[in-house]
Amino acid sequence: MEFLVKTDLGKTEIMAYQKVSCKTVQKLKMTAIHWGLIGFGLIGLTASGAALGVSRGGAGAFLGIALSTLAFVWGINWYRYLTFKTARRLPERFEQKFYFDDAGMVAQGGTEKVVHQYGEFRALAETEDYFVLFLNKFSGYILSKAGFLQGDPAKFGAFLKEKTGKELPFVKI
């Protein structure tokens, strides 16, 4: 069985990849950072507000409010931050093509071509609109279900599970 998938990698796809990554292969770390920033911000705002009331305008209280607000806003916008961090290194719409056959996967983006054996994938995930293939905790591929040029996305999940020997959990994003 063969599949050919085209994905235009933009901010929407990068955001989806980050959300899936944070809910699967990086769940513990990213959840701790996300909620840690929000918690630090809220506690800092409370403490700084109390200090401001007691000191009646101390510079330290204003600095605490500013830093706590920054941490809180950063935590609330965590996925946007991760998307920005990744998207700034890519062209506006980066076209990738993925070819799957019995031997492995070929990924082509621009002039670069990379070949992967199915055993190289450490984890898989599926969302309503995408398949995500992780090489490790920090890198992988996102394939748009709407981008299938050859093959059926409904059969692709079973194909991946068979070839990789991995589970394909559904992730709601």
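Let's start at Lys6, which is partly exposed at a relative accessibility of 29%. In this predicted model, Lys6 pairs with Asp8 in a salt bridge whose closest N and O atoms lie 3.9 Å apart. Asp8 is partly exposed as well, with a relative accessible area of 28%.

Lys6 has another partner to look at. Its side chain also meets that of Glu95 in a salt bridge, at 3.8 Å from N to O. Here the pairing links distant parts of the chain, since Lys6 belongs to strand E1 and Glu95 to strand E2, 89 residues apart. Glu95 has a relative accessibility of 37%, so Glu95 counts as partly exposed, a class that runs from 20% to 50%.

Now move along to Asp102, which forms a salt bridge with Lys163, with 3.3 Å between the closest N and O atoms. This pair also connects distant parts of the chain: Asp102 sits in the loop between E2 and E3, while Lys163 is in helix H5, 61 residues apart. Asp102 is partly exposed at 49% relative accessible area, and Lys163 is partly exposed at 26%. Stepping back, Lys6, Asp8 and Glu95 are joined into one network by salt bridges that share partners. A search of the whole structure finds 4 salt bridges, among them the ones visited here. As a general point, side chains of opposite charge can pair when their charged atoms come close.

From charges, let's turn to the nonpolar interior. The largest nonpolar core holds 19 residues, and Phe100, Leu133, Leu143 and Phe156 are the ones that touch the most other members. Strands E1 (3-9), E2 (94-100), E3 (105-109), E6 and E7 (140-144), along with helix H5 (153-164), each give two or more residues to this core. Helix H5 gives the most, with 3 residues. If you would like one residue to click on, try Phe156: leaving aside residues up to four places away in sequence, Phe156 touches Phe3, Phe100, Phe131, Leu143 and Phe148. There is also a second, separate core of 13 residues, including Tyr17, Ala125, Val132 and Ile142.

Next, have a look at the helices earlier in the chain. Ser48 is found in helix H2 (residues 27-55). Is Ser48 buried or exposed? Its relative accessibility is 9%, which is under the 20% cut-off, and therefore Ser48 counts as buried. Not counting residues up to four places away in sequence, Ser48 touches Ala61, Gly64, Ile65 and Ser68.

Leu70 makes a friendly contrast. Leu70 lies in helix H3 (residues 59-76), and with a relative accessible area of 54% Leu70 is exposed. Together with Leu63 and Leu67, Leu70 forms a nonpolar patch on the surface, and these residues have about 300 Å² of accessible area together.

Finally, a word on confidence. The mean pLDDT of the protein is 88, and 99% of its residues reach 70 or more. Among the elements, strand E6 (residues 130-134) has the highest mean pLDDT, at 96, and helix H4 (residues 78-87) the lowest, at 80. Where pLDDT is low, the predicted coordinates should not be read in detail.

Technical notes: Residues numbered from 1 in each chain as written. Heavy atoms only, no water. Patch = residues over 30% accessible without salt bridge, like charges linked within 9 Å, V, L, I, M, F, W, Y side chains within 5 Å. Areas by Shrake-Rupley, 256 points an atom, 1.4 Å probe, with all protein chains shown as cover. Helix = DSSP H or I, 4+ residues; strand = E, 2+ residues; numbered from the N terminus. Buried < 20%, exposed > 50% of the residue type's maximum accessible area, 1.4 Å probe, protein only. pLDDT = per-residue confidence, 0-100. Core = buried A, V, L, I, M, F, W, Y, C linked by side-chain atoms within 4.5 Å. Contact = heavy atoms within 4.5 Å.
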